[in-house]
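Work through the exercises below with the model open beside you, and try each task before reading its solution.

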Amino acid sequence: MSLPIEINEMAPDFKALVLDRVPAANLDLCLTCGTCTAGCPASELFDMDPRKLVRMVVLGLDEEIAKTPWAWVCTMCTRCINACPMKVDIPKLVYNMRAGWPREKRPKGILGSCDMHIRAGNAMGVPTEDFIWTVEDVAEEIQMTDPRFQDLQVSVDRPGAYYAINQNSREPVTEPDELAPLWKILHAVGADWTYPSVMWGGENYCLFLADDEGWRYILEEFVYHIDNTLKCPVVVNTE
Amino acid sequence: MRKFKIDHKFEFTTLITLYAQWIREGKLKVNSDWNKDLKIKFTAQDPCNMVRKTWGQKMADDMRFVIRTIVGEENFIDMVPNGINNYCCGGGGGALQAGFTDQRRAYGKVKFDQIQETGATYVFAPCHNCHAQIEDIGHHYGGHYNVVHIWTIMCLAMGVLGENERTYLGDDLKDFGLHKEEPS
């Protein structure tokens, strides 16, 4: 049975919380035009869409919002806010929905990668010496088999290199041969580069997990390593 | 870093920006001659994190400049919509690790249809997440495209792509331009 909405009894606490953390989220400015929903591939999944979500937030349906797994299906791709005439920050709203889940109830795959990143310095949990061994092994193979790359240079943590290159940590582990084409390009242009070994990996699962503390820790460690140990003037994220 | 106001001295950039810069400066000598007769068609995904969320349309334009240089102007077929208006592949934001596989694939159907519409047999996905998701939806929905990094085709175009570096190439390019040592 549907009930009329009692305006006086609405308690949009979650809306207040989000606006406190993201003052420019513009949640009250939604015109309900639906431009967000029309261009969102996650619309209708779990019976949810961005416009509906904003209505629920404004009406204070906090319990339903806290429960919906849609928070993990939306990819926070920002296409909605990009198109929104009122710049309602739905991606940051979703980020805060994720942050509202008890940490241990958040998706295991993301949680595990975030924890691993904090503990081991990369999301795959590769020990630094294994990473160095893999890089050197692949490089040696190329130097030995292709005379055009006899003097191919690769290094990890070489202080003073111009570029610090941040590789996705899955590549050295699951498909090390995929590292080589990039090295060949860097060799062809004579780039002066190195791989950092602290908090490396272009990905950041703590961001996906909505774990501010973990996310910040990873960035701080990474920035410290680049600025103080390696002193590389440029950091490059790979493809 | 902006979110947490962490100061850093280094400048932050991406490989695609550098590829574009090096090609323009003449440092990276590469062209699309290899594909003149093959006429293999390519399309490209705009990774949300690099394009819409960080560097905007300029990044999308640089990526297309690089791609057109290595596959040929006439062999690049853009998706609709594209650039900062392109759709997310559905693999981002942790979706590949979140465990909601059916929903992730339903999300990715939009991307799959966009790719099919181009008729391209190769998709550039210069982001590890996009790469994995676009491969997965291709298998799931029965697509016949290959998903590649830019560095693979770049090396192919330069004639330096090794035998072990062709995992993501289709049968049409598995042996193409493979460097053979002269027996001494």
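**Exercise 1. Find which residues lie nearest the centre of the second largest cavity, and describe its lining.**

Solution. In this predicted model, begin with the lining, which is made up of 13 residues; nearest the centre of the second largest cavity lie Cys30(A), Leu31(A), Cys33(A), Cys36(A) and Cys84(A). Next, take the volume of this cavity, which comes to about 90 Å³. Finally, sort the lining of the second largest cavity by class, which gives 10 nonpolar residues, 3 polar ones and no charged ones.

**Exercise 2. State how many cavities of 30 Å³ or more the structure holds, and describe the largest cavity.**

Solution. The count of cavities of 30 Å³ or more is 2, and the largest cavity encloses about 110 Å³ of space. The lining of the largest cavity has 17 residues, and those closest to its centre are Cys40(A), Cys74(A), Cys77(A) and Cys80(A), together with Tyr107(B) from the other chain. Turning to secondary structure, α5 (79–83) and α6 (90–99) of chain A each contribute at least two residues to the lining of the largest cavity. By class, this lining divides into 13 nonpolar, 3 polar and 1 charged residues.

**Exercise 3. Locate Lys87(A) and Pro81(B), and say what is notable in the backbone at each.**

Solution. Start with Lys87(A), which sits in the loop that joins α5 and α6 of chain A; its phi is near 55 degrees, a positive value in a residue other than glycine. Then move to chain B, where Pro81(B) lies in the loop between α3 (57–71) and α4. The peptide bond that leads from Val80(B) to Pro81(B) is cis, with omega near -10 degrees.

**Exercise 4. Describe the contact between chain B and chain A, beginning with its extent and ending with the elements that form the side of chain B.**

Solution. The contact involves 63 residues of chain A and 61 residues of chain B. The size of an interface is often given as the accessible area lost when the parts come together. Here the two chains bury about 5,600 Å² between them, and 63% of that area is on carbon and sulfur atoms. Within chain B, the residues that lose the most area to chain A are Phe4(B), His128(B) and Trp151(B), which together account for 14% of what that side buries.

Now consider the polar links, where 20 residue pairs are in polar contact between the chains, both residues at pLDDT 80 or more. The rule finds 1 salt bridge across the interface, and the side chains of Glu165(B) and Lys184(A) meet in a salt bridge at 3.1 Å, N to O.

As a last step, look at the side of chain B that touches chain A, to which at least two residues each come from elements including β1 (11–14), α1 (15–25), α5 (101–118) and α7 (150–158). The largest share, 6 residues, belongs to α7(B), and by class this side has 32 nonpolar, 20 polar and 9 charged residues.

**Exercise 5. Describe the second largest pocket and say which element gives the largest share of its lining.**

Solution. The volume of the second largest pocket is about 380 Å³. Its lining has 19 residues, of which Thr145(A), Asp146(A), Gly162(B), Glu163(B) and Asn164(B) are the closest to its centre. In chain A, α8 (128–145) and α10 (180–188) each supply at least two residues of this lining, and the largest share, 4 residues, comes from α8(A). Sorted by class, the lining of the second largest pocket has 6 nonpolar, 4 polar and 9 charged residues.

Note on methods:
Residues numbered from 1 in each chain as written. Chains lettered and ligands numbered in written order. Predicted model: local features only at pLDDT ≥ 70, side-chain atom pairs only at ≥ 80, totals over all residues. Heavy atoms only, no water. 1 Å grid on protein atoms, 1.4 Å probe; cavity = no way out; pocket = protein on both sides within 12 Å on 5 of 7 lines; lining within 4 Å. Points joined across faces, edges and corners; volume = space filled by probe spheres on them. Nonpolar A, V, L, I, M, F, W, Y, C, P; charged D, E, K, R; others polar. Contact = heavy atoms within 4.5 Å. Buried area = accessible area lost by both parts, 1.4 Å probe. Salt bridge = Lys/Arg side-chain N within 4 Å of Asp/Glu carboxyl O. Polar contact = N/O pair within 3.5 Å; in protein donor to acceptor, adjacent residues only side chain to side chain.
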